[in-house]
Amino acid sequence: MRATRLAATTVAAACLVLTLASCSGSSDAGSAAPSGGDTASSTTTATAPAAEVYEGDEKGFYEVPQPLPEGPHGTLIRSQVMDDYTFDGATTYRIMYLSESVAGDPIAVTGMATVPTAAAPDDGRPMITISHGTTGIADQCSPSVTGQNAEMGLVENAVSEEFLVAATDYEGLGTPGRHPYLVGESEGRSSIDAILAAGQLPDADPGTELGIVGYSQGGHGALWTNQVAAEWAPDLEVVGTFSGAPASEIGVILAAADRVKGFAFMVIAGINASYPEADLDAILTPEGQEVLKSVDEGCVGDVFDAAGAAQGDLFVPDGGQSPPWSELAAAQDAGTEKTNDAPILLIHSNEDQTVPTFFIDQVEARMCANGQVVQRVDLPEGNHTKAAVPAYEQAMEWMQQLFAGNDTTQDTCPDAG
């Protein structure tokens, strides 16, 4: 096992950058939403109409119906063909669908999906769901709003003509409410529900086998999608999960808040959005709470600028290392449970100075201790953003082999074999 020391992480975490994605019509509603989990509360929803085929302007697409339609999480609410964002042999859609917050409230989430134009196999199309890297928290930062999703392009280059693919914006990105940044359960539910909703698009013909992929924030999201999948969508069979450079150690980010101000503010905003017991007074000074407002006003670069320009003490000493913040941060750490026998591929660059290798060391150690089949690949070069390209190339080749029934996973856990 790779030796690591917690004391060294706060220095490494000072360079933490989790962003990747910012760098970079029929009226047929399709098949019904697959079952799994609880249905949305009837006290805040209405009877579900057929999914709307939206043909208005882009801004209107994100206006959430009031009340929300009733239905299980993963129910498609509306879709819109994206003619300006296309991939070979597939139709691209902007989608809105039902999901559920950590508190159990029904919510609307948006994202993108692609459906191959070729006929589906008799047993349905193979499926992949994508968790994207950090873009920010404000609504204008969602990939389906900007029409840019770096990870989706890397996945589609390999599978656009065969696979049903979905990419969530995550809860609160493009829809009401603050995005619960790096809150694992929220990420996982949003990603699972995106592929359930994509299965209701015209000619989607979903199968039951699912691959999960993500890088950076999305690496964290992918691991959480795998973790919640068995309970949230028991009819799906997870084939494998790829997690690249996962932003997995939330407590480390809070412990180094003064050094990683921009990301610390987004983490604090995200946890506060999901957990009412997360009192801002316990972690942020009045000056810090003023800076926190920047997360709702701009994307990741704007938050960094606001945090960097702020003067004075912004964080309460040891606030992030005291309950409830320390406990809530630890609850978001990725890879804490083994929930299925599907293999996990971890890829990280040795030259990544943005998400320190300590993060992936900890994920690997936890999953190996839980008996998970884990293959770790250390890329010899490439910074955080550049390494995403070869990481996805290797991951998609691995994923296609899994779907073909050829498991090429080499378990690198110290006690494997």
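The following exercises, each with a worked solution, concern a predicted model of one protein chain.

Residues are numbered from 1 along each chain as its sequence is written. Because this is a predicted model, local features need pLDDT of at least 70 and side-chain atom pairs count only at pLDDT 80 or more, while totals for chains, interfaces and linings use all residues, and side-chain values use heavy atoms, with hydrogens and water left out.

**Exercise 1. The chain as a whole**

Task: State how many helices and strands the protein chain has, and what share of its residues is buried.

Solution.
1. Helices (H or I, at least four residues) and strands (E, at least two) are DSSP runs, numbered from the N terminus. The protein chain has 13 helices and 12 strands.
2. A residue is buried under 20% relative accessible area, exposed over 50%, and partly exposed in between (1.4 Å probe, protein chains only). Of the 417 residues in the protein chain, 58% are buried.
3. The chain exposes about 15800 Å², of which carbon and sulfur atoms supply 47%. Such areas come from the Shrake-Rupley method with a 1.4 Å probe, and for residues only the protein chains shown count as cover.

**Exercise 2. Helix α5 and its contact with α6**

Task: Describe the span and burial of helix α5, then determine how α5 is oriented relative to α6.

Solution.
1. Helix α5 covers residues 184-198, and helix α6 covers residues 217-232.
2. From its first C-alpha to its last, α5 reaches 21 Å with 15 residues, close to the 21 Å expected at 1.5 Å a residue. The expected span is 1.5 Å times one less than the number of residues.
3. Of the 15 residues in α5, 14 are buried, and the helix is mostly covered.
4. The two helices pack at an angle of about 70°, with their axes 7 Å apart. Therefore α5 is roughly perpendicular to α6. Axes are lines fitted to C-alpha atoms, for helices over the stretch in contact, and angles run from 0 to 180 degrees between N-to-C directions. Angles under 35 degrees count as roughly parallel, over 145 as roughly antiparallel, 65 to 115 as roughly perpendicular and the rest as oblique.
5. Contact means heavy atoms within 4.5 Å. On the α5 side the contact includes Arg189, Ser191 and Ile192, and on the α6 side it includes Trp224, Thr225 and Val228.
6. The residues of this contact comprise 5 nonpolar, 7 polar and 4 charged. Ala, Val, Leu, Ile, Met, Phe, Trp, Tyr, Cys and Pro count as nonpolar, Asp, Glu, Lys and Arg as charged, and the others, Gly among them, as polar.

**Exercise 3. Contacts of buried residues**

Task: For Thr129, Ala329 and Gln80, give the location and the partners distant in sequence.

Solution.
1. Thr129 belongs to strand β7 and is buried because its relative accessible area is 0%. Beyond its neighbours within four places in sequence, Thr129 contacts eight-fold company that includes Ser191, Ile195 and Thr225. Thr129 and Thr241 lie 112 residues apart in sequence, and their C-alpha atoms are 9.8 Å apart in space.
2. Ala329 belongs to helix α11 (residues 325-330) and counts as buried because its relative accessibility is 0%. Apart from neighbours within four places in sequence, Ala329 contacts Ile250, Gly251, Leu254 and Ile271. From C-alpha to C-alpha, Ala329 is 8.8 Å from Val252, although 77 residues separate them in sequence.
3. Gln80 is in strand β4 (residues 76-81) and is buried, with a relative accessible area of 10%. With neighbours within four places set aside, the contacts of Gln80 include Tyr54, Phe61 and Arg94.

**Exercise 4. Unusual backbone angles**

Task: Locate the cis peptide bonds at Pro67 and Pro324 and the positive phi values at Tyr170 and Asp203.

Solution.
1. Most residues other than glycine have a negative phi, and most peptide bonds are trans.
2. Gln66 and Pro67 are joined by a cis peptide bond, with omega about 0°; Pro67 lies in the loop between α2 (58-61) and β3 (68-69).
3. Pro323 and Pro324 are likewise joined by a cis peptide bond, with omega about 0°; Pro324 lies in the loop between α10 (300-309) and α11.
4. Tyr170, which is not a glycine, has a positive phi of about 85°. Tyr170 lies in the loop between β8 (164-168) and α5, and is buried at a relative accessible area of 1%.
5. Asp203, also not a glycine, has a positive phi of about 60°. Asp203 lies in the loop between α5 and β9 (206-215), and is exposed at a relative accessible area of 58%.
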